[in-house]
Amino acid sequence: MSLAGSSLWPIIASLAAQGAPGEAADPAPAAPEAAPAPEPSLDDLTPPPPPVEWQQMMTDDMMTQIIDGRRRPGYRPDLPDQLKQDNIGALRPPPPEAFPGMEDQLPVPDRWRLIESLGVVKERWFDPYHQNTYKGDRAICIPSAEEQELRERAGEARCKTPKFLGLKGDDWFFIANLVSDTVFEPRTFPIPVGVQTTSRPGSLDVFGKNRSFVAAQTFIAGVALIKGSTAFKPPDIEYRLTLAYQANYVDVPERRVLDVRPSKKSNRYDSFLGVQELFVDKHLGNDSDRYDFHSIRVGIQPFQSDFRGFLFQDSQLGIRFFGNRDNNRFQYNLAAFWRLEKDTNSGLNDITQTPRDDFIFTGNVYRQDFPFVGLTSQVSVTYNMNREKNDIQIDHNGFPVRPALLGDLRGREYDVVYLGYSADGRIGRINLTTSLYAALGEDRNSFFTSKPAKIRAGFAAAELSYDHDWMRFRLSGLYATGDKDPYNNTEGGFDAIFENPIFGGADTSYWIRQTIPFAGGGRVISINGRNGILNSLRSSKEEGQSNFNNPGTIFVGAGADFDLSPQTRVSFNANHLWFADTSSLQVLRSEDSIPKDIGYDLSVAAIWRPKATQNIVGRLSAAVLLPGKGFKDLFDNKEGDRAYVSILANVILSF
């Protein structure tokens, strides 16, 4: 509002008429007395408006002080003089006629290499952080005559893609992956011995020295050839091959731990080359303008049945039909797998052996934002058909793994269906991951009764976490049922097909990382498997069969992750474990009672990523198991160990 229209004007006029404060008024000559003046009206008391020149001066002065970015209606400030630019000697671009034969086109490098032609990027084959043809950032050249001529006219290098690949058309991408995974792992765990196996003659204790050391170096090399612009739609076709080579060294204090022959040393060096991926992925078609699609994949391929790998996470020979619907709100998988044999010491696929008579048929559906926004739900049905009753399998170290040397020692086969529900995402500020499974089926030969038995087992696991700035706090719980009566016609212990759980600290955890042998009552049998959480009493997670006569697992844990910087994370985990039911252990060990308490599993881990990417990752972790009454009952030894320790140093380099 301008001052001219303000209600302050009467006051200003009054002050102007009275003079400045503290200043005396000029004396006026005396006037003769006259009759009293009439009473003044309100109109007579209103002061006259200020001069027009004063109003205009004040208005112009205030208009020059308008805040930047604001305008006053009806006011247009003076504009600066128009700038003139002279470009003496400038030439117009040459007309198309100046380029014979190219009136309607001009050869340029392909759109992926245009940025390099402009001098913005210079490709280096060993640099995965910038544009790199070997990482699928740019299409490879197709050595057709037209392409060679076009590149020659544009001054570009000729295509050198091998002609024997038979590639036609454009949009072919090549991807190479190289991974180095180095592990150093000193550890302690109960090692059973006997008079004929101990390295110290005269020792009659059930358990020997518990210290051991593992070192493993794994190199993973993978290549893929993909057709299609995968940034916006699924590839038209993909060929992929991944090989893994591992060299490992193990040192233990006792004999017959690494090899069945007592004459063998208590240390071992071994190496193996495995085929982890070998498949063709064919895009069958799209179902919407937003690239809802359906595809098929055939060959050795990875598959994970749920979000955290509780039931089946492996790379196996199979065929998979998959796709999505409703703008990717629904995803689905239909798959069948024929399980490959594994190398005993590395756990890699061994394609030199005949595949197992063990088959997996699975189907699942994912629904995003159900039942809550931010939460993805999954329902699944998985059928494991095992026909290995007449199969006798000896591992590479000479130990029998099928059938397991447990109970009646007879061969087994079974049919089991897993009905599952899993969820992953968040509800408000709470992150949630959960999985529920019911295992229903029949074991053709229960090793306790040598008769058929029904399989009725269940599993539940959940993890809740809360993020606060750079910190995440986690609570987790797991319950896998145990078999209550080994001699009835029902097997109630839950077991997975091939578990690799990312849960409760994963392989930072002592119990998940280490294999605990079950001495006394079972030969070459373990309480749990390496990189597994279930107490399944199997001969081997890789080569053995599922066992539903087991004590089950109860797990409660708390943890926290602290991102100290984009490069550094520190994690803490505190877990407590129990057997769900020790009836099967009591029968196998011929004991009246075995407590359920396994003990406390405490761990800490530090992860360092110097480039703030996954290309260089270093991890150092330490875990300790404080045995409970149940663990001490099973594994109490002469030395009376009060704690078992695992240290893991791991360096991963990726290209």
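Leaving aside its neighbours within four places in sequence, which residues is G299 in contact with? This is a predicted model, so keep that in mind as we walk through it. In the model, G299 is in contact with L278, F279, Q316, L317 and G318. The glycine itself is found in strand 5, which covers residues 293-304. Is G299 buried or exposed? Its relative accessible area is 9%, and the cut-off for buried is under 20%, so G299 counts as buried. One more distance helps you place it: E277 is 22 residues away from G299 in sequence, yet their C-alpha atoms are 7.6 Å apart in space.

Now pull back to the whole chain. It has 655 residues, and 44% of them count as buried. You'll find 8 helices and 21 strands along it. If you take the contacts between residues at least 6 apart in sequence, 63% of them join residues at least 24 apart. As for the outside, the accessible surface of the protein chain comes to about 35800 Å², with 58% of that belonging to carbon and sulfur atoms.

Next, the inside. In soluble globular proteins, nonpolar side chains tend to be buried together. Here the largest nonpolar core has 52 residues, and the ones with the most contacts inside it are Y418, F459, L478, F494 and I527. Strand 14, running over residues 453-468, supplies the largest share of this core, with 4 residues. Another core lies apart from it, made of 6 residues, including I140, I142, W172 and I237.

F459 is a good residue to click on. Not counting residues up to four places away in sequence, F459 touches F310, S435, L436, Y437, L478, Y479, A480, F494 and L534. Two of the names in that list, L478 and F494, also appear among the residues with the most contacts inside the largest core.

For a contrast with G299, try I430, which sits in strand 13 (residues 430-443). At 35% relative accessibility, I430 counts as partly exposed, whereas G299 is buried at 9%. Beyond four places in sequence, I430 touches G425, L464, S465 and Y466. Y466 is 36 residues away from I430 in sequence, but the two are 5.3 Å apart in space, C-alpha to C-alpha.

What about empty space? Rolling a probe the size of a water molecule over the atoms shows where it is left. A search of the whole structure turns up 3 cavities of 30 Å³ or more. The largest cavity has a volume of about 130 Å³. Its lining has 16 residues, and P403, A404, R412, F447 and Q545 lie nearest its centre. By class, that lining has 7 nonpolar, 5 polar and 4 charged residues.

Then there are the open spaces. The second largest pocket has a volume of about 760 Å³. It is lined by 30 residues, with A506, R569, S571, I607 and R619 closest to its centre. Several strands give two or more residues to this lining: strand 15 (471-480), strand 17 (553-563), strand 18 (568-578), strand 19 (597-608), strand 20 (616-627) and strand 21 (644-654). Which strand gives the most? That would be strand 18, with 4 residues. The lining of the second largest pocket divides into 8 nonpolar, 12 polar and 10 charged residues.

Terms used. Residues numbered from 1 in each chain as written. Predicted model: local features only at pLDDT ≥ 70, side-chain atom pairs only at ≥ 80, totals over all residues. Heavy atoms only, no water. Core = buried A, V, L, I, M, F, W, Y, C linked by side-chain atoms within 4.5 Å. Buried < 20%, exposed > 50% of the residue type's maximum accessible area, 1.4 Å probe, protein only. Contact = heavy atoms within 4.5 Å. 1 Å grid on protein atoms, 1.4 Å probe; cavity = no way out; pocket = protein on both sides within 12 Å on 5 of 7 lines; lining within 4 Å. Points joined across faces, edges and corners; volume = space filled by probe spheres on them. Nonpolar A, V, L, I, M, F, W, Y, C, P; charged D, E, K, R; others polar. Areas by Shrake-Rupley, 256 points an atom, 1.4 Å probe, with all protein chains shown as cover.
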